[in-house]
Amino acid sequence: HYSCISCFDGSNVSCYTCQLNRNYVNYSCPCVDGMYEIGQLCYNCDTACATCVVSSTTCTSCPFSRVLNGSTCVCAVGFYVSGVICAPCDINCLTC
């Protein structure tokens, strides 16, 4: 299988070890968290996503300070967009 470095019993289905940027999970090698697969290659998710599928901006989970809204990671309550990050609001504010 294209995602394997080596397979069990010469099979091309059950992986034993995985290619770079892939995790071993139950005899398969999906892309590592923070990457998604297109055309047998792993690509980085957008920085707003912790994990994604199909495209870099179709988030399935979010990093700290962001929450999932549909398939988009938005700043959590108490944070605001500052460039590409969610920065904390002033300690005296709930939202900003």
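A search of the whole structure, a predicted model, identified five aromatic pairs, where rings of Phe, Tyr and Trp (its six-membered ring) pair if their centres lie within 6.5 Å, with planes under 30 degrees apart counted as stacked, over 60 as edge-to-face and the rest as tilted. Local features require pLDDT of at least 70 and side-chain atom pairs count only at pLDDT 80 or more, whereas totals for chains, interfaces and linings use all residues of this predicted model. Residues are numbered from 1 along each chain as its sequence is written, and side-chain values use heavy atoms, with hydrogens and water left out.

Tyr-24 and Tyr-27 form an edge-to-face pair, with 6.1 Å from centre to centre and 85 degrees between the planes. Both residues are partly exposed (buried means under 20% relative accessible area, exposed over 50%, partly exposed in between; 1.4 Å probe, protein chains only): Tyr-24 has a relative accessible area of 41% and Tyr-27 one of 46%. The pair of Tyr-36 and Tyr-43 is tilted, because the ring centres lie 6.0 Å apart and the planes meet at 40 degrees. Here Tyr-36 is buried at 11% relative accessibility, while Tyr-43 is partly exposed at 36%. Ring pairs also join Phe-8, Tyr-16, Tyr-24 and Tyr-27 into a cluster.

One salt bridge was counted, defined as a side-chain nitrogen of Lys or Arg within 4 Å of a carboxyl oxygen of Asp or Glu. It is formed by Arg-22 and Glu-37, whose closest N and O atoms are 3.1 Å apart. The pair links distant parts of the chain, 15 residues apart. Arg-22 is buried, with a relative accessible area of 9%, and Glu-37 is partly exposed, at 32%.

Terms used: Helices (H or I, at least four residues) and strands (E, at least two) are DSSP runs, numbered from the N terminus.
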